[in-house]
Amino acid sequence: MDAFRLSHPFMLTTTNVYNATSLCTLSLATHPRRWFKVKAGSNHKNNQPFDAVAFEAERLELDAEARQAMAEAADPKAWKWVIRKRIWDTMEARNFANNPRPVHHRIPNFVGASVAAQKMRELDVFQVAQCVKVNPDSPQKQVRFFTLSDGKKLLTPQPRLRTGFFSVLESSMLSLDTMNEGCTSVGVAKHGRPIRLDEKIKVDLIVIGSVAVDPRTGARLGKGEGFAELEYGMLRYMGAIDDSTPVVTSVHDCQLVDDIPVEKLLIHDVPVDIICTPTQVIFTHTTIPKPQGIYWDKLSPEKLGQIRILRELKKRIEQETGQKLPTGPSEKLPPTAQRSRRG
C-alpha cells in the first residue's frame with residue numbers, strides 16, 4: 001500500500017469560474033498534511049519478459065476503439081466539437097499532418113512538430129527544468145527525446161491512464177540505442193519506473209498536447225477525453241505542481257484559433273502559458289485560473305470505472321473522511337481500461 005497526501009482538515013468548497021455551475025472540489029489550502037493509503041498499480045516487471053509486440057498491438061486496438069466511441073458520442077453541435085472538427089478537417093484537407101492519420105479524434109501529429117520541439121527546447125523554462133511532464137502523443141515525441149537527451153527526468157502517463165499512473169524515465173536508465181524507444185508508449189512501459197502517489201517529485205514544466213489553442217487567452221482544447229485535465233489534477237494533489245508551474249503546448253500554426261469562448265470553459269480546463277509552433281513562440285500571459293485538483297463531481301461513474309488509481313483514491317478518501325465524494329453524471333465512454341497486461 002502506498003500513501004497519498006491530502007490537506008487536512010477535509011473541506012468541500014464551491015468555486016464559480018466563468019459563470020459555470022458552482023462545482024465542488026477538495027480544498028488544498030495550507031493545512032497540516034494527512035496521509036491516505038492508496039494502491040498504485042504495479043508495472044509489467046513481474047519476472048515475466050515484456051512482450052512489446054503484444055503491448056503495441058493491444059494499444060493500437062484500444063486506441064481505435066476509443067476513437068470510434070468518441071466519434072459516436074460526439075455532439076456535432078457542441079461548440080468544442082465544432083472547433084475540433086474544423087481543425088481536424090483543415091489539417092487533413094491541407095495535408096498538414098503526418099501519420100497516424102486521419103487526425104480526427106487525435107492530438108494531430110502536425111507537420112513541423114520537430115521544429116516546434118526545438119523552439120520549445122530553447123525556452124528558458126525548458127532549459128532550467130529538471131523534471132518535465134510530457135503527454136504521450138506523437139507530435140510531442142521529439143520533446144520527450146530532448147527531455148531525456150538533455151539529462152532531465154521525463155514524467156509521462158500511460159495512454160489514457162489505462163495501466164496505471166505515471167512513469168519516470170531518465171537518460172541514465174537508457175542506452176543510446178534505447179533512448180529513442182524510451183520516447184514511445186512501448187518504451188515507457190518497458191523501461192520506465194512507475195511512480196507512486198506518495199512520490200516526492202517536483203515537476204518544473206508541463207508539456208501538453210492540443211487540438212486548438214487561442215494565443216490571445218491561452219484557452220486550449222484537447223481531443224475531448226479529459227485525460228490531460230485528470231493528469232494535471234493528480235499532479236496538483238501530489239503537490240508536484242502549483243499555479244506557477246508553466247504549461248506549454250506545441251501545435252501547427254493552423255491550430256491557432258480566436259473563437260474559444262473563455263466564459264464557456266469549465267473549471268477543470270487547463271490553460272497554456274506558452275505556445276510553440278514551427279514558426280513562432282507565443283507567450284499568452286493567460287489570466288485563466290488553473291485547476292486546483294480533481295473535480296469529482298465532473299467524473300462520471302464510467303470514467304471512474306476505467307481508471308483504477310482514481311477509484312482507489314476516491315474510496316480511500318471517503319473511508320478516511322467519512323464523507324462521500326460527489327460523482328458526475330453518466331456518460332458513454334470507450335473501453336480504454338480493459339488492457340490484459342500481457343507480458
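Helix α3 (residues 113–121) lies across β9 (205–208), β12 (247–250), β13 (274–276) and β14, running at about 155° to β12. The axes behind this angle are lines fitted to C-alpha atoms, for helices over the stretch in contact, and angles run from 0 to 180 degrees between N-to-C directions. Contact means heavy atoms within 4.5 Å. Helices (H or I, at least four residues) and strands (E, at least two) are DSSP runs, numbered from the N terminus.

This is a predicted model, in which local features need pLDDT of at least 70 and side-chain atom pairs count only at pLDDT 80 or more, while totals for chains, interfaces and linings use all residues. Residues are numbered from 1 along each chain as its sequence is written, and side-chain values use heavy atoms, with hydrogens and water left out.

The strands under α3 belong to an open sheet of eight strands. Its order is β8-β7-β6-β5-β9-β12-β13-β14, and the pairing is mixed. Two strands pair if DSSP finds at least two bridges between them. At the edges, β8 (193–194) and β14 (281–283) each pair on one side only. Within the sheet, β6 (residues 153–157) and β7 (residues 166–169) run antiparallel and are joined by four bridges; P157 has F166 as its bridge partner in β7.

The loop between α2 (79–93) and α3 contains P100 and P102. The peptide bond from N99 to P100 is cis, with omega near 5°, and the bond from R101 to P102 is also cis, with omega near 0°. N95 lies in that loop too; its phi is positive, near 60°, although N95 is a residue other than glycine.

Another non-glycine residue with a positive phi is H285, at about 50°. H285 is found in the loop between β14 and α8 (301–306). Its relative accessibility is 67%, so H285 counts as exposed (over 50% relative accessible area, with a 1.4 Å probe and protein chains only).

Notes. Buried means under 20% relative accessible area, exposed over 50%, partly exposed in between (1.4 Å probe, protein chains only).
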